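Reader: I'm new to reading protein structures, and I'd love a close look at one part. Could you walk me through the salt bridges and what surrounds them?

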Amino acid sequence: MKSSDVELERLRVQREARRAERAADPAHAEQREGRALCLSGGGYRAALFHLGALLRLHETGLLAGTTMFSSVSGGSIVSAWLACRYLDTRREDESFAAWNDRIDFRAVVVEPFRDVVARDIRTLPVLATVAYNWLWPSHRIALLERRYAQVFGERSLDRLPETPAFVFCATDLTFGVNWEFSRRRVGDYLAGYLRDGARRVGLACAVAASSCFPPVFGPVRFDTAPGDYQRGDYRGDDGEALRQRIELSDGGVYDNLATEPTLRRYREVLVSDAGGPFVFESRRWWLRQLMRYTQVIGNQAEALRKRLFFGQAATGSLIGVYWGLSGGRDGGADGYSPALVAEVIGRIRTDLDRFLDVEFEVLVNHGYFSSLDAMTRHNGWPASPAAAWPYPQRADEGRVRHWLRHSHKRVLHPRWWGGGE
């Protein structure tokens, strides 16, 4: 084992021991405060599912009281969108809570997002760089970042609001831990945090790093000079060399639930999970066999994240509410049936290509009712005002099955020839 491996393992063991000690301390639970909302990865599918949940949280007043948004990948897209809509439409010095009370959330946040997911930001960067991306992945990432800049503008992270906090998570492939982009800091506990990072890094860059899902998009590379980082725990002899070339990948590689920044600090943690179901299967050809290995590893990592979240909620360390795109809902709950979710909605592709209006509306509906169901089952959480279909024209399940019959396809999909319904 290399000396760097020994050092990293020692630091991880120490950190996990401190976490366990704090979680078991009742006094630490009493010190927690605030409400965090975690938005998982999953491309545009996740962004739209979360958008529906945000609409319902806004109706109940819970969104106005949220003090931190933590996100990865598709969750980062909608989180950045929410931050930008707040900054672009608020009155002078208007608080996030006051803004929520004043606006028509559907008109200001939900409907304009339809134009965002109608853009295919994946295909052109992939095709333009297919001949050399394996050798120079930075060009493809730059094209992706440029498309995000068309949506979020050229603002840097230090232009984000102080409250609530918006945290965009990526995976540090160099040190193998969660990397944070926020107004407060840019970096991770091992590499350290970039000096003046929030001013140096753009919001579009943060979202691109958070959503550069492998192997389609290669890592985002941070080429830095010695001394650019501060407060890094890693003290190995090769520390400066490692920090000079940090590589970042999709935040979902490390924590697809985006819970890492929240579980030790916040009293209330809401988790919106747009991850698809783990499909049981046996026969598969060799390429699918290779992909299956990563699927099993990812499924186990996410299961451990959920176990940690529900374990802390069960001990009273935090108040936790979880809702997912697939599973966990009663057959009689409002919204779509478990059968439709498992057979159709849960299979919608996770991608950054063009999403059709029907896909937009069905996923917003589903996120809305999934969050409603989770809060209804949790005593003490708001159940009013009464819920109503955001898009009632998409309530008929037979027609939804017909409309979404191709939505799992990445290539032979009606969006390619302008169809859809």
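Author: Happy to help; here is a walk through the salt bridges, with a short visit to the nonpolar core afterwards. Keep in mind that this is a predicted model.

A search of the whole structure turns up 23 salt bridges. A good one to start with joins R155 and D88, whose closest N and O atoms are 2.9 Å apart. R155 sits in the loop between α9 (138-152) and β3 (165-172), while D88 belongs to helix α4 (residues 74-89), so this pair ties together parts that are 67 residues apart in sequence.

Next, find E94 and R102, whose side chains meet in a salt bridge at 2.8 Å, N to O. Are these two buried or exposed? E94 counts as buried because its relative accessibility is 10%, and buried means under 20%. R102, with a relative accessible area of 32%, is partly exposed.

Now look at D353 and R349, which form a salt bridge at 3.2 Å, N to O. Here both residues are buried. Salt bridges can also share partners: in this way E111, R114, D357, E361 and R394 are joined into one network.

Finally, turn to the nonpolar side chains. The largest nonpolar core has 103 residues, and F113, Y148, F152, F181 and F222 touch the most other members. Setting aside neighbours within four places in sequence, F152 is in contact with I77, A80, W81, C84, L203 and V207. A second, separate core holds 14 residues, among them V167, L257, L263 and Y266.

Key: Residues are numbered from 1 along each chain as its sequence is written. This is a predicted model: local features need pLDDT of at least 70, side-chain atom pairs count only at pLDDT 80 or more; totals for chains, interfaces and linings use all residues. Side-chain values use heavy atoms; hydrogens and water are left out. A nonpolar core is a set of buried Ala, Val, Leu, Ile, Met, Phe, Trp, Tyr and Cys residues joined through side-chain atoms within 4.5 Å. Buried means under 20% relative accessible area, exposed over 50%, partly exposed in between (1.4 Å probe, protein chains only). Contact means heavy atoms within 4.5 Å. A salt bridge is a side-chain nitrogen of Lys or Arg within 4 Å of a carboxyl oxygen of Asp or Glu. Helices (H or I, at least four residues) and strands (E, at least two) are DSSP runs, numbered from the N terminus.
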